[in-house]
Amino acid sequence: MGGDGAPQVAVRGALEAITELEIPVLLVGPQKRLRRELGRFRFLPSGLELVDAPDVVRMQDSPISVLRGKRRSSLNVCAQLVSEGRAAAMVTAGNTGAAWVAAKSALGMINGVDRPALAAVVPKDEGRTLVLDVGANMECKAHQLVQFAVMGSFYAEAVLGVHSPRVGLMSVGEEESKGGPQARERHLVLKAVGINFIGNVEGAHVFSPDVDVIVCDGFTGNVILKVAEGFGEMVVGMLMDEARQSPMYGAGLLMAKGAFRNLRKKVDYAEYGGAPLLGVGGACLIGHGKSSAKAIRNAVRFADSYAASGVIEMIGDKILEVLAGPSGEGNG
């Protein structure tokens with residue numbers, strides 16, 4: 001029930017996930033509205049189940065409303081389905097804060113993790129960069145960034161297929177001395193953790209082949225994500241404008257339509273579906289508020305891969321190992 005195009009977009013995306021990806025889906029929301037939307041389709045595939053959730057959390061609602069006034073919201077019911085084992089993962093394009101609260105309440109936290117982190121995929125020339133946090137935590141302590149680094153490293157390896165992911169700390173310079181006391185503390189703590197930490201990285205590294213996972217606070221990460229999305233849309237838009245204004249450029253673009261199609265695919269956030277909420281004790285993927293049906297379908301695909309990857313168990317084991325070692329003393 002979340003997102004700008006709800007529930008139409010979510011329903012269509014769910015049906016595409018079932019028919020094209022063969023992933024069964026539970027559609028959670030007010031049954032009358034869902035049945036009315038499903039009535040637009042001539043054929044409904046097997047693998048679709050409706051679960052009634054009469055309350056709706058809107059984008060402007062306080063996140064805590066999912067626990068106080070809207071206990072039967074689609075977000076709460078979704079999270080509870082995962083907790084009970086009826087669903088492998090939870091997918092939403094709704095209120096991020098409310099999804100965070102619902103998931104944490106129903107699924108709990110991985111032992112040793114303070115706060116969940118949103119991990120977004122940003123395209124680069126070859127492959128993808130995982131950036132976390134991108135909006136769940138505006139301010140973070142050094143030991144929380146260690147937790148993000150461990151979680152991001154395992155997710156990149158198990159779900160994105162990156163061998164020994166290179167983890168960088170977002171800063172204003174590559175030298176260890178850059179940043180201020182807090183930044184230098186973060187660097188020292190991350191340096192002592194048993195992951196492939198390559199040191200500080202700068203904004204230009206977001207699209208560089210030199211790093212696979214970038215760790216930062218949610219404020220910085222959200223800015224990075226929105227700039228990346230806006231830049232991608234601008235580049236595609238400029239190419240289209242040039243093609244319309246000049247027959248010669250248009251002909252050239254037509255000849256290179258394969259390359260242009262690949263470019264659009266790389267910079268389209270819908271290809272990645274959404275951001276996993278790492279740290280909670282179950283698979284949860286939060287999509288963009290502007291998610292299309294294609295984005296919902298791909299969010300289901302990534303959520304299915306995440307749930308089957310065993311990453312949650314790996315993170316739990318590694319976090320405890322870090323906390324038990326010298327570098328983790330006092331991190332709890």
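**View 1. The crossing of helices α1 and α2 in this predicted model is right-handed.** Helix α1, which covers residues 8-21, packs against helix α2, residues 31-38, at an angle of about 65°, and the axes of the two helices lie 10 Å apart. On the α1 side the residues that take part are Q8, V11 and L15, and these meet L34, E37 and L38 on the α2 side. Sorted by class, the contact of α1 with α2 is made up of 4 nonpolar residues, 1 polar residue and 1 charged residue.

**View 2. The side chain of E37 forms a salt bridge with R40.** The closest N and O atoms of E37 and R40 are 2.9 Å apart, and E37 also belongs to the residues of α2 that meet α1. The two partners differ in how they are placed with respect to the surface: E37 has a relative accessibility of 7% and therefore counts as buried, whereas R40, at 60%, counts as exposed. Side chains of opposite charge can pair when their charged atoms come close.

**View 3. A cis peptide bond joins A6 and P7 in the segment before α1, and E22 has an unusual sign of phi for a non-glycine residue in the loop after that helix.** The omega angle of the bond between A6 and P7 is about -5°, and P7 is found in the segment before α1. E22, in the loop between α1 and β1 (25-29), has a positive phi of about 60° although it is not a glycine. With a relative accessibility of 69%, E22 counts as exposed.

**View 4. S74, a residue of helix α4, is buried.** Helix α4 comprises residues 74-83, and S74 is found in it. The relative accessibility of S74 is 10%, which is why S74 counts as buried, the limit being under 20%. When residues up to four places away in sequence are not counted, S74 touches M1, V28, G29, A53 and D55.

**View 5. Helices α6 and α7 cross in a right-handed manner.** The axes of α6 (residues 142-158) and α7 (residues 181-191) come within 9 Å and cross at roughly 45°, which makes α6 oblique to α7. In this contact A142, L145, V146 and A149 of α6 meet E185, R186, V189 and L190 of α7. By class, the contact of α6 with α7 has 6 nonpolar and 2 charged residues, and no polar ones.

**View 6. R166 and D212 form a salt bridge between two loops.** The closest N and O atoms of R166 and D212 are 2.9 Å apart. R166 lies in the loop between α6 and β6 (167-170), and D212 lies in the loop between β7 (197-201) and β8 (213-215), so the pair ties together parts that are 46 residues apart in sequence. R166 counts as partly exposed at 28% relative accessibility, while D212, with a relative accessible area of 8%, is buried. The loop between α6 and β6 also contains S164, a residue other than glycine whose phi has a positive value near 45°, and S164 counts as partly exposed at 34% relative accessibility.

**View 7. The peptide bond from L132 to D133 is cis.** Omega of this bond is near 10°, and D133 has its place in the loop between β5 (128-132) and α6.

Notes
Residues are numbered from 1 along each chain as its sequence is written. This is a predicted model: local features need pLDDT of at least 70, side-chain atom pairs count only at pLDDT 80 or more; totals for chains, interfaces and linings use all residues. Side-chain values use heavy atoms; hydrogens and water are left out. Axes are lines fitted to C-alpha atoms, for helices over the stretch in contact, and angles run from 0 to 180 degrees between N-to-C directions. Helices (H or I, at least four residues) and strands (E, at least two) are DSSP runs, numbered from the N terminus. A crossing is left-handed if the near helix is turned anticlockwise from the far one by less than a right angle, and right-handed if clockwise. Contact means heavy atoms within 4.5 Å. Ala, Val, Leu, Ile, Met, Phe, Trp, Tyr, Cys and Pro count as nonpolar, Asp, Glu, Lys and Arg as charged, and the others, Gly among them, as polar. Buried means under 20% relative accessible area, exposed over 50%, partly exposed in between (1.4 Å probe, protein chains only). Angles under 35 degrees count as roughly parallel, over 145 as roughly antiparallel, 65 to 115 as roughly perpendicular and the rest as oblique. A salt bridge is a side-chain nitrogen of Lys or Arg within 4 Å of a carboxyl oxygen of Asp or Glu.
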